Amino acid sequence: MKMVFEKLSYMVDISRNAVPKLETLKKLAKKLSLFGYDRLMLYIEDTIEVKSYPMLGTLKAQLSVCEIRNLDEYVKSIGMELVPCIQTLGHMNSLAQWPVFDGIRDTDDILLAGNEETYVFIDALLLAVRTAFSSNEINIGMDEAFLLGAGRYMAKNGFREKKQIFSDHLSRVLALCEKHGFRASMWGDMFIRILFNGEYYVKDATLPDGAKKAVPQNVRLVYWNYTSRDSKYYEQMLELMRGLSDDVCFAGGAWKWAGFAPMNQRSLVIAKDALKAAKGRVDEVILTAWADDGAEASLFSVMPVAAAYAQFRDTGEMDIKKTAERFRSVMGVDYDLFLKLDCVNRLGAGSYEDQPNNASKYYLYQDIMLGKFDCTVEEGTVVTLKKNLAELKAARQHAGEWTYVFDTLVALADVVFIKAGLGIELRKAYQEGNKEVLRKHAEITLPTLIDRLEIFYNAFEQQWLTENKPEGLEVIQYRIGGVLKRVAYCKRMLSRYVLGETESIGEFEHDIVDFSGGLFSMKEKNILYNNTKRIMTASNL
């Protein structure tokens, strides 16, 4: 049977705090192989052992060369290929914490192009990758280097056009790849941004004359888009990218990077238009599973999307029935059951695919007394959150080996149901001088919330340690621990106020604010906000 795409790859992010255990990656590879994938790609920033740079990734989880070789052999034994994805320009902000890397940084997250010390580092990184991986394929990153040339580079060299800096740096990196026997691919957005004044999501764009000459033809460009819902737009952008290079592939997204819950239904709706456009235009599709802002979601939570991509590759259609059959044969549970994981974020009636938000994350992390997202809670919100909790509890009963994933989201739904509207109630009671209501919350609601937060943390810890190495968990411990401390503080302050030990509670003197500042309606169901530090507080953190 002729496949729609010659290659189907799955990229897992192992650089946003969570580094999966070797056995977890083998389990994932096995599932992907059974779905029909050809490649497992590991996205690595500083989570690989580089002996000549011992500070790289220090005090963090890493995969050793030995572990990667072990995984590489296993992946080959099940008919797949293990492919490295690294960064050789941007997204290297982890280096900023170590003074030893100051000499190779342009800005906090961008390497210093044109600097010989930088290429010594990249050469060492490529050597480590070459030692660990048997594949001759490599993705060298190069995406989202927005401030390229604007930091130490400018101080050292003066102003130079970004396109020239980028071109020269890419040439150096490609030469190093060739030295180590790699065929390179890269995320293609920087070529578009350079041509169109920093914009990537351009519409009805035409390439200027000679644009293709600026793109090396010995590197594959990856057109990535994780959000658009318009097949014509995908077609336009793929053709634009094909105008830059004869070697282009497409990368879509399995949304597991916006909190503890996946966005399977959002991912599936987007995939329908994306894959339709990619059909006949590319020979490889990559499904990316990023882990932005802390890798809070389970590695396996987006397997419905993985099944759907594999099914499309076979038939050229998003056939839900056949996808569900494939999913159950591989995962051992119903496809629809896993889609229930999304519902912890549902805020209103109707399908969650029309409510692409991460409300469970901002309701969990926002301050109990100074909630930035209190303005999003309306009269029916808490009723819906209670319904979400009930649905997840029911689904959990049939989750089999994946019960630990459901445990985390059931516990989160329980926290969010109590916490989402609580700040509003407390502020209202305080401003109305209703000490009896405040007393009940101090004696009943807040202790209950503390208990539910502890249960949630324990469930999440179990999920993390089941799938990942322990390092990185401390970040979530800081976050949830901070939430617990603020709730305990709120309880104490309410008790003191009710007893007359203090005349006011300063935090409740503030009115609810419109988080958007009037830019859009905060009563919409599609607010997606994924920066924990800014969710938690308006102060510096």
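In which sense do strand β1 and β10 pair, and over how many bridges? Strand β1, residues 7-13, pairs with β10 in the parallel sense, and six bridges join the two. Keep in mind as you explore that this is a predicted model.

**Strand β10 and its neighbours**

Let's stay with β10 for a moment. This strand runs over residues 284-289, and six of its six residues are buried. Both of its faces are covered: E284, I286 and T288 are buried on one side, while V285, L287 and A289 are buried on the other. Strand β9, residues 248-253, also pairs with β10 in the parallel sense, here over four bridges. To find these pairings in the structure, you can look for one bridge in each, as listed below.

| Strand paired with β10 | Bridges | One bridge to look for |
|---|---|---|
| β1 (residues 7-13) | six bridges | K7 with E284 |
| β9 (residues 248-253) | four bridges | F250 with V285 |

Helix α8, residues 264-278, belongs to this picture too: β9, α8 and β10 make a right-handed β-α-β unit.

**Helix α2**

Now let's turn to a helix. Helix α2 has 13 residues, 65-77, and at 1.5 Å a residue it should span 18 Å. Its end C-alpha atoms are indeed 18 Å apart, so the two values agree.

Which residues of α2 are buried? They are V65, I68, L71, D72 and V75. These residues cover an arc of only 125 degrees around the axis, which means that they sit on the same side of α2. An α-helix has 3.6 residues a turn, so residues three or four places apart point the same way. On the other side of α2, C66 and S77 are exposed.

The buried residues of α2 are covered by several elements, including α1 (22-35), β2 (39-43), β3 (81-85) and α3 (116-132). After α2 comes G79, and the phi of G79 is positive, near 85 degrees.

**The cysteines**

How many disulfides are there? The count comes to zero. A disulfide would be a covalent bond between the sulfur atoms of two cysteines. For C177, the closest cysteine sulfur is in C85, and at 12 Å it is too far for a bond, because a disulfide needs the two sulfur atoms within 2.5 Å. C249 is in no disulfide either, and its nearest cysteine sulfur, that of C85, is 10 Å away.

Are these two cysteines buried or exposed? C177 is buried, with a relative accessible area of 1%, and C249 is buried with a relative accessible area of 1%.

Methods: Residues are numbered from 1 along each chain as its sequence is written. This is a predicted model: local features need pLDDT of at least 70, side-chain atom pairs count only at pLDDT 80 or more; totals for chains, interfaces and linings use all residues. Side-chain values use heavy atoms; hydrogens and water are left out. The expected span of a helix is 1.5 Å times one less than its number of residues. Buried means under 20% relative accessible area, exposed over 50%, partly exposed in between (1.4 Å probe, protein chains only). The arc is that of the directions from the helix axis to the C-beta atoms. Contact means heavy atoms within 4.5 Å. Two strands pair if DSSP finds at least two bridges between them. A crossover is right-handed if, with the strands pointing away from the viewer, the path from the first strand over the helix to the second runs clockwise.
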